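Work through the exercises below with the sequence and the coordinates at hand. Each task is followed by a solution that proceeds in steps.

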Amino acid sequence: MPFNKINITLTAAQITSIQTAIHALKSTANLPAQFNLTKAERRTLPNINSSRYPYVQRAIKNHGTNNAVLANGVAGLGAGTLTEAANDLTFYDQMENIIGQLMQIVEIYQDTQQVAGSEAYLWTRAFYNMAKSAAENHVPGSDAVADDLASMFEKATSGDVPPEN
């Protein structure tokens, strides 16, 4: 039985508003440095994780500022200045907060899409079952509907079909 949690479509104004917000987020005016790493680069690029973060933070905020000789030596190796490292860490922290918020939004949008898709699928399954029943009772035109949809339901496995409500 369909559960009708959603019965909406977005207006043109809503779609435009969402698209405008996405465009603003992608704009170099809001994010001047943008990278598109390959899968290999994502795997191999050294990065901060939760266990490394405190060490990076201490190195930059405590040790780097208190030991100019070491900080200048690192800069001489081509790793950048202490100021650049501090800016990178600040940017990392800023992005952490923003990415968390964006992930929440994406999850809400995906969940809402899944509910809509599930309801459309449940309706289609009920419609198919009705068409099969109608075809068995020789209702004109119902064979064409049942035949057209049969391949989707006959090949479905238990993982493809949501549980009956």
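**Exercise 1. Find where helix H6 is kinked, and compare the span of H6 with the expected one.**

Solution. H6 has a kink of about 35 degrees, centred on Asp148, where the bend at a residue is the angle between axes fitted to the seven residues ending there and the seven starting there. The helix itself is a DSSP run (H or I, at least four residues; strands are E, at least two), numbered from the N terminus. The model is a predicted one, in which local features need pLDDT of at least 70 and side-chain atom pairs count only at pLDDT 80 or more, while totals for chains, interfaces and linings use all residues. Residues are numbered from 1 along each chain as its sequence is written, and side-chain values use heavy atoms, with hydrogens and water left out.

Next, take the span: the 13 residues of H6 reach 17 Å from the first C-alpha to the last, close to the 18 Å expected at 1.5 Å a residue, the expected span being 1.5 Å times one less than the number of residues. Finally, the buried residues of H6 are Ser142, Ala146, Leu149, Ala150 and Phe153, where buried means under 20% relative accessible area, exposed over 50% and partly exposed in between, for a 1.4 Å probe and protein chains only. Met152, also placed in H6, is partly exposed at a relative accessible area of 38%, and its C-alpha lies 9.5 Å from that of Arg125, although the two are 27 residues apart in sequence.

**Exercise 2. Carry out the span and bend analysis for helix H3.**

Solution. The 14 residues of H3 should span 20 Å at 1.5 Å a residue, and the end C-alpha atoms are 19 Å apart, which agrees. H3 nevertheless bends by about 35 degrees at Ala59, and its buried residues are Tyr53, Ile60 and Gly64.

**Exercise 3. How many aromatic pairs are there, and how is the pair of Tyr121 and Phe153 classed?**

Solution. A pair of aromatic rings is described by the distance of the centres and the angle of the planes. Rings of Phe, Tyr and Trp (its six-membered ring) pair if their centres lie within 6.5 Å, and planes under 30 degrees apart count as stacked, over 60 as edge-to-face and the rest as tilted. By this rule there are four aromatic pairs. For Tyr121 and Phe153 the ring centres are 5.8 Å apart and the planes stand at 35 degrees, so the pair is tilted. Tyr121 lies in helix H5 and Phe153 in helix H6 (residues 142-154), so this pair ties together parts that are 32 residues apart in sequence. Both partners are buried, Tyr121 with a relative accessible area of 16% and Phe153 with one of 14%. Ring pairs also link Tyr121, Tyr128 and Phe153 into a cluster.

**Exercise 4. Describe the largest pocket by its volume and its lining.**

Solution. On a 1 Å grid over the protein atoms alone, a pocket is an open set of points with protein on both sides within 12 Å along at least five of seven lines, whereas a cavity is a set where a 1.4 Å probe fits but cannot get out; lining residues have an atom within 4 Å of a point. Points are joined across faces, edges and corners, and the volume is the space filled by probe spheres set on them. The largest pocket holds about 1,600 Å³. Its lining has 39 residues, of which Phe35, Asp88, Phe91, Tyr92 and Met95 lie nearest the centre. Helices H1 (12-26), H3 (53-66), H4 (68-76) and H5 (82-136) are the elements that give two or more residues to this lining, and the largest share, 13 residues, comes from H5.

**Exercise 5. Is His138 buried or exposed, and what is the sign of its phi?**

Solution. Most residues other than glycine have a negative phi. His138, in the loop between H5 and H6, has a positive phi near 60 degrees, and it is exposed, with a relative accessible area of 70%.
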